[in-house]
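Thanks for coming, everyone; I would like to take a few minutes to walk through one model. Please have the sequence and the coordinates open while I talk.

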Amino acid sequence: MTTRTLSGHNSADDFDELCNLFVELESCNAPAELHGMICGQLAAGKRLSANDWIALAVEQMQLSELPDDARALLQALYDQTLKQLLAGEYGLRLLLPDEEEELQVRAEALGQWCHGFLSGFGLAGQGVESLSEAVVEILRDLAEIAQVQLDLEESEENEVSLMEVSEYVRMGALVVFADCNPSVPVSQPPTPSLH
């Protein structure tokens, strides 16, 4: 196995690197979903030890074990994701396929990311009763995006729509993080709107 590293800013290269890892380890799940799960856990205020994070990743990837270089790569992903969330409005980048990929592939990956975010948020045990109205609405929207199954044609209009929805998801994750982590100094992003 080759030595794997991340660029440090969730680029398309990082997505490809994780895809290669998932294929090599014969994982059935998607890298976008795993990144969404990390973001959901962190947004809910949960911080995991290295061992707990790796155990969660192994479970999510449906594996029995991870080689050392895969552990290092996944730990780097966790660390950089937390750093990005703490950076505020312009920090977080969703780990999704490159814009060169087909629109349908990117839309499916966005849905997987949203599914992962909701799973991670739920696993963190954040009670709905303590959430602001804005956060509840964002979580509802993410649930809808996660379930949407479209047969998208390549068009400029669909491209713009996907870009807008992706940005809504990114800003929504930041709002949830800021709202559920009030003691963490984060620049409060404006509440996004899909409507």
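**Burial, core and helices**

C114 is buried, at a relative accessible area of 0%, and C180, at 14%, also counts as buried, where buried means under 20% relative accessible area, exposed over 50% and partly exposed in between, with a 1.4 Å probe and protein chains only. Before going on, I should say that this is a predicted model, in which local features need pLDDT of at least 70 and side-chain atom pairs count only at pLDDT 80 or more, while totals for chains, interfaces and linings use all residues. Residues are numbered from 1 along each chain as its sequence is written, and side-chain values use heavy atoms, with hydrogens and water left out.

How many helices and strands does the protein chain have? There are 7 helices and 0 strands, these being DSSP runs numbered from the N terminus, with H or I over at least four residues for helices and E over at least two for strands.

Turning to the interior, the largest nonpolar core, meaning buried Ala, Val, Leu, Ile, Met, Phe, Trp, Tyr and Cys residues joined through side-chain atoms within 4.5 Å, holds 57 residues, of which W53, L74, W113 and F117 touch the most other members. Helix 7 gives the most to this core, with 10 residues.

W113, leaving aside neighbours within four places in sequence, is in contact (heavy atoms within 4.5 Å) with residues including H35, C39, L95 and V169. For the protein chain of 195 residues, finally, buried residues make up 49%.
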